[in-house]
Amino acid sequence: MIQDINMIREFYNSYSNRVQQARDLLVRPLTLAEKILYAHLYHGVAGAPLRRGEDYAFFRPDRVAMQDATAQMAVLQFMNAGKQRVAVPSTIHCDHLICAQDGVEADLPNALKTNAEVYDFLQSAAARYGLGFWKAGAGIIHQVVLENYAFPGGMMVGTDSHTPNAGGLGMLAVGVGGADAVDVMAGMEWELKMPKIIGVHLTGELKGWASAKDVILKLAGILTVKGGTNAIIEYFGEGAKSISCTGKATICNMGAEVGATCSVFPYDEKMAAYLVATDRAEVAALADTCAADLKADAAVAQCPEKYYDRIIEINLSELEPYVNGPFTPDAACPISEMAARVKEMAYPEDVQVSLIGSCTNSSYQDLSRAAEVARYFLSRGVQPKAQLIINPGSERIYATAERDGLLATLKEAGALIMTNACGPCIGQWKRKTDDPQARNSIVTSFNRNFAKRADGNPNTHAFIASPETAVAMAFVGLLHFDTNEIPAPKGEELPKDGFADCNVGYLAPSENAGEVVINPASERIQRLQPFAAWDGRDICGAKLLIKTKGKCTTDHISMAGPWLRFRGHLENISENMLMGAVNAFNDKTNAVMCDGQEMAVSAAARKYRDAACGSIVVAEENYGEGSSREHAAMEPRFLGVKAVIAKSFARIHETNLKKQGVLALTFADSADYNKVQQGDIIDVLCSDIAPGVPVKVVLHHTDGLVESIEAVHTYNNQQIGWFRAGSALNSLK
């Protein structure tokens with residue numbers, strides 16, 4: 001069954017006409033990203049052309065997808081929006097809350113029992129408001145979206161930073177916070193700054209051990225974790241045609257690691273084949289009728305430097321496998337240089353665990369190539385020296401891989417098959433180890449490798465590689481091997497006998513308008529109370545809560561792992577606020593000075609909130625990098641943080657702060673970060689805040705000296721309206 005086929009038919013019926021309107025407006029050829037953006041403008045193509053990186057625009061996405069950890073807060077906000085049904089097709093996917101420990105046979109039943117309260121809430125909300133519901137074990141949100149919902153030329157938002165995975169099927173798919181998702185589900189305008197466009201020209205063809213994963217691992221090394229901020233990455237060139245649809249999805253998925261708004265590939269035969277294989281032949285036929293507008297115009301390909309803001313060239317024929325890490329996904333290293341890198345940096349050389357799966361690399365092709373590597377070693381009597389853990393991407397992939405013997409091969413290698421869920425990738429891994437603080441190395445096919453993310457151990461050096469590279473390292477037992485000595489796996493892009501029939505675990509939107517299930521005494525689900533509106537005055541006398549040092553991701557601001565159980569309870573989860581951030585004054589985590597005492601960050605924030613002075617957070621570059629989790633913005637708001645002043649912000653987090661009524665400011669001079677001292681009392685003179693106008697910040701030091709610095713911001717009039725109302729949701733209501 002093709003999901004939402006009537007919506008898709010209507011989309012293709014008018015798509016090319018809207019693209020032509022955009023072409024007429026700009027009076028020039030268009031990139032693919034521009035075509036899709038202009039075709040989804042909320043009020044249609046009219047007025048002046050939108051300036052990339054400057055103008056805000058309003059869009060009407062085709063659909064919304066939410067994973068269970070973020071869906072809780074999104075649904076709670078939607079319940080306060082006063083709407084009876086969602087205005088666009090929307091789905092909830094239960095993939096984040098399942099703990100990986102003993103394998104699918106034990107872990108899934110345990111998750112169903114442990115998380116019953118949350119699942120009942122989400123399922124009842126889906127029934128009440130008309131959302132599709134994917135049960136626990138059905139699969140990882142982005143793989144399920146690729147298999148069922150993504151379509152070329154479409155636009156969607158998702159409450160997960162790796163939503164751009166759907167770019168593998170030619171869709172602009174953007175990770176957002178729950179408040180943004182509420183706008184779309186409510187049928188309102190969705191606001192986004194018109195992104196710049198980075199063109200990645202792919203030539204040649206992947207050879208040997210090189211895989212689609214290595215394209216994005218190399219690109220991460222080029223762009224760094226913030227090089228794609230407020231930009232769409234658009235791939236083009238003959239090389240793009242040789243990459244499978246799921247391989248394209250892998251590349252788009254990890255665009256989140258360079259800060260990109262999203263990534264996209266042009267429609268081609270690989271996408272059409274994938275649509276047919278996943279029972280969507282009609283969608284492929286419809287896309288074929290618009291094929292010329294599901295890629296950049298020919299003139300763009302001929303002179304790309306005229307139409308993209310930046311061009312990056314990658315010759316696939318020269319690409320080799322990459323191993324990125326540890327602790328940051330942009331620490332890129334070709335495998336041929338890895339042995340020297342390990343020695344130079346004194347990384348633990350032995351691989352303890354290789355983990356295959358996650359939303360980035362859990363397709364049939366990924367498991368096929370992984371099993372082929374395992375079969376090579378097993379046929380020579382070699383057993384892996386490291387533990388193997390496998391997370392299939394969906395029930396459809398699991399059933400097919402089991403039917404075709406892929407899982408049997410991996411099990412023969414001692415692999416533990418986990419539930420079709422995120423598991424270790426987002427900290428849901430109960431790792432069995434004698435020393436949970438031991439210095440060690442693991443290799444994953446995941447997308448992120450921040451410290452403590454997988455297993456909570458700050459001494460675990462996590463490296464990112466392709467599934468086949470990770471499996472080979474498990475057998476070799478080292479962080480490097482000679483790719484010339486082991487035959488390169490070929491694998492199968494799609495199962496030759498088609499995907500297996502199975503119960504995919506899906507409940508379609510219903511007409512049931514029953515009540516949403518929330519236990520008033522619950523410790524996991526709590527109805528939201530609206531935040532108070534701004535009083536219109538300057539922020540005066542606020543206490544410096546913490547000055548963070550170095551990388552401060554959303555993992556540092558609102559940890560996942562065991563804290564996922566409180567994602568629907570703002571009061572309880574706020575206990576973890578900024579507990580992973582490093583205090584610049586003492587190099588400790590979760591330890592700040594408050595009225596002469598050292599205490600947890602959340603405790604200090606609560607004390608300042610209750611004293612009515614509130615607090616300020618100061619941070620360095622790319623603050624809020626990583627996940628789309630809006631809890632990292634809602635927790636500070638709940639605990640009285642008035643403003644965050646950073647050297648720079650990650651896109652999603654800056655938007656989330658704005659949506660929740662926390663003032664997001666950037667140092668006009670990044671060196672002013674050094675002027676902030678422990679114990680500072682801070683005034684932010686924002687009473688007359690206006691677009692494009694800097695804000696004065698006054699630092700009152702404990703020695704009596706006073707310094708004034710300048711902060712800038714990216715607020716437009718609508719966003720200032722959110723701030724005045726206390727939150728975007730208040731403004732919507």
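## Strands β5 and β6 in the open sheet

In this predicted model, strands β5 and β6 run parallel to each other and are paired over four bridges, with M156 standing opposite A173 in β6. On its other pairing, β5 is joined to β2 by three bridges, and these two strands are parallel as well; here R63 is the residue that stands opposite M156 in β5. The residues of β5 alternate in direction, since M155 and V157 point one way while M156 and G158 point the other way, and all of them are buried.

These pairings belong to an open sheet of six strands, whose order is β6-β5-β2-β3-β4-β17 and whose pairing is mixed. The edge strands are β6, covering residues 172-175, and β17, covering 506-507, and each of them pairs on one side only. Helix α7, made of residues 178-185, packs on the sheet and touches β2 (63-67), β3 (90-93) and β5 (155-158), with a direction that makes about 145 degrees with that of β2. At the β17 edge, strand β4 (residues 132-134) pairs with β17 in the antiparallel sense over two bridges, and the bridge partner of F133 in β17 is L507.

## The closed barrel

The model also contains a closed barrel of seven strands, which runs β18-β21-β22-β23-β26-β25-β24 with mixed pairing. From one strand to the next, the twist averages 40 degrees. Within this barrel, strand β21 (residues 615-619) and strand β22 (residues 641-646) are paired in the parallel sense over five bridges, and I616 has A643 in β22 as its bridge partner.

## Helix α23

Helix α23, which spans residues 651-660, is mostly covered, as nine of its 10 residues are buried. The buried residues of α23 include charged side chains such as R651, E654, K658 and K659, and among the others are I652 and L657. After α23 comes G661, a residue whose phi is positive, near 85 degrees.

## Salt bridges

By the distance rule applied here, the count comes to 37 salt bridges. One of them is formed by R396 and D279, whose closest N and O atoms are 3.6 Å apart. This pair links distant parts of the chain, with R396 in helix α16 (residues 395-403) and D279 in the loop between α11 (269-277) and α12 (281-289), the two being 117 residues apart. R396 counts as buried because its relative accessibility is 13%, and the limit for being buried is under 20%.

Two further salt bridges join residues that are given here with their accessibility. D404 forms a salt bridge with R403, the closest N and O atoms being 2.7 Å apart; D404 counts as partly exposed at 29% relative accessibility, and R403 is partly exposed too, with a relative accessible area of 38%. The side chains of R609 and D610 meet in a salt bridge at 3.0 Å, N to O. In that pair, R609 counts as partly exposed at 27% relative accessibility, whereas D610, at 56%, counts as exposed. Elsewhere, R23, K35, D293 and D297 are joined into one network by salt bridges that share partners.

Definitions and conventions. Residues numbered from 1 in each chain as written. Predicted model: local features only at pLDDT ≥ 70, side-chain atom pairs only at ≥ 80, totals over all residues. Heavy atoms only, no water. Buried < 20%, exposed > 50% of the residue type's maximum accessible area, 1.4 Å probe, protein only. Pairing = 2+ DSSP bridges. Axes fitted to C-alpha atoms, helices over the stretch in contact; angles between N-to-C directions. Contact = heavy atoms within 4.5 Å. Salt bridge = Lys/Arg side-chain N within 4 Å of Asp/Glu carboxyl O.
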